[in-house]
Amino acid sequence: MADIELLPVRTRLLTHKDNIVDAIEEYAGKDIGPNDVVSVAESVVAITQGRLIRPEEMQVCFLARILNRFVPQKGSLSSIYGMQAAMDAEGKWRVLFAMIVGMFAKLVGKNGVFYQLAGEQAALIDDVTGTMPPYDKHLVYGPQNPGDVAEEIKKRLGCYGAAVADVNDLKRAAVLGVTDGIDPRQLAKVLIDNPFGNASQRTPIVVIKNYGLLQAGANENSRT
């Protein structure tokens, strides 16, 4: 059985004027086979969808200026703009409720409750400088309908499957959208070492070679 191989694909700088599926076809089409899974970085999908805003275009409320102080400095919501972006996306009262419950949960040793309750966008927002130039002066929201994006990639490229993934260098990987028949948790483990390069590397697309063959072998073993 062939081994899985992760193939990062270099592109030009992708912008809000690009279509992510067109870009994948242009830069990776020749490298994609029927047993491969195409994965793409969620921040680049979001940028091509135009899901970004400059801080000076935002109206920061008093509540955002208070709640951001309770977020660790490494988090995007630790800035007033990141917190305001989460409130704009998910609703300020939902974010406030999540913060209150999350603080009480921490007192009993349970972490991560805030992000569980605050909504998906609260965990996906990239604060200013959190993404590649020229968008390092913007806040970038999470992508819209990532599952639909994955399905469109699969349909256009004829691959085994596709996924939109949020992966970082801290060994954290989450698959936000995936085509039918692929386990997002298993795929996240494959991507855990972050093969994407969204900065100067410009490799926001990673082709996972032979993933379909691995799945077929696993299914055959489960039947025997």
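Reader: Is D18 buried or exposed, and on what relative accessibility?

Author: Buried means under 20% relative accessible area, exposed means over 50%, and partly exposed is in between (1.4 Å probe, protein chains only). D18, at 16% relative accessibility, counts as buried. This is a predicted model, in which local features need pLDDT of at least 70 and side-chain atom pairs count only at pLDDT 80 or more, while totals for chains, interfaces and linings use all residues. Residues are numbered from 1 along each chain as its sequence is written, and side-chain values use heavy atoms, with hydrogens and water left out.

Reader: With which residue does D18 form a salt bridge?

Author: Side chains of opposite charge can pair when their charged atoms come close. The criterion for a salt bridge is a side-chain nitrogen of Lys or Arg within 4 Å of a carboxyl oxygen of Asp or Glu. D18 pairs with R12, with the closest N and O atoms 2.8 Å apart. R12 is partly exposed, at 35% relative accessibility.

Reader: Which parts of the chain does the salt bridge between E25 and R156 tie together?

Author: Helices (H or I, at least four residues) and strands (E, at least two) are DSSP runs, numbered from the N terminus. The closest N and O atoms of E25 and R156 are 2.8 Å apart. E25 lies in helix α1 and R156 in helix α8, so the pair ties together parts that are 131 residues apart in sequence. D22 joins E25 and R156 in a network of salt bridges. D36 and K209 also meet in a salt bridge (2.7 Å, N to O). D36 is in the loop between α1 and β2, and K209 is in strand β7, 173 residues away.

Reader: How should the order of strands in the open sheet be read?

Author: Two strands pair if DSSP finds at least two bridges between them. Here five strands follow the order β1-β7-β2-β5-β6, with mixed pairing. β1 (5-9) and β6 (173-178) stand at the edges with a single partner strand each, so one side of each lacks a neighbour in the sheet. β1 pairs with β7 (residues 205-209) in the antiparallel sense over five bridges, and L7 stands opposite V207 in β7.

Reader: Which residues touch the most other members of the largest nonpolar core?

Author: In soluble globular proteins, nonpolar side chains tend to be buried together. A nonpolar core is a set of buried Ala, Val, Leu, Ile, Met, Phe, Trp, Tyr and Cys residues joined through side-chain atoms within 4.5 Å. The largest one has 36 residues, of which I20, I24, I32, V38, V40, I153 and L187 touch the most other members. Helix α1 supplies the largest share, six residues.
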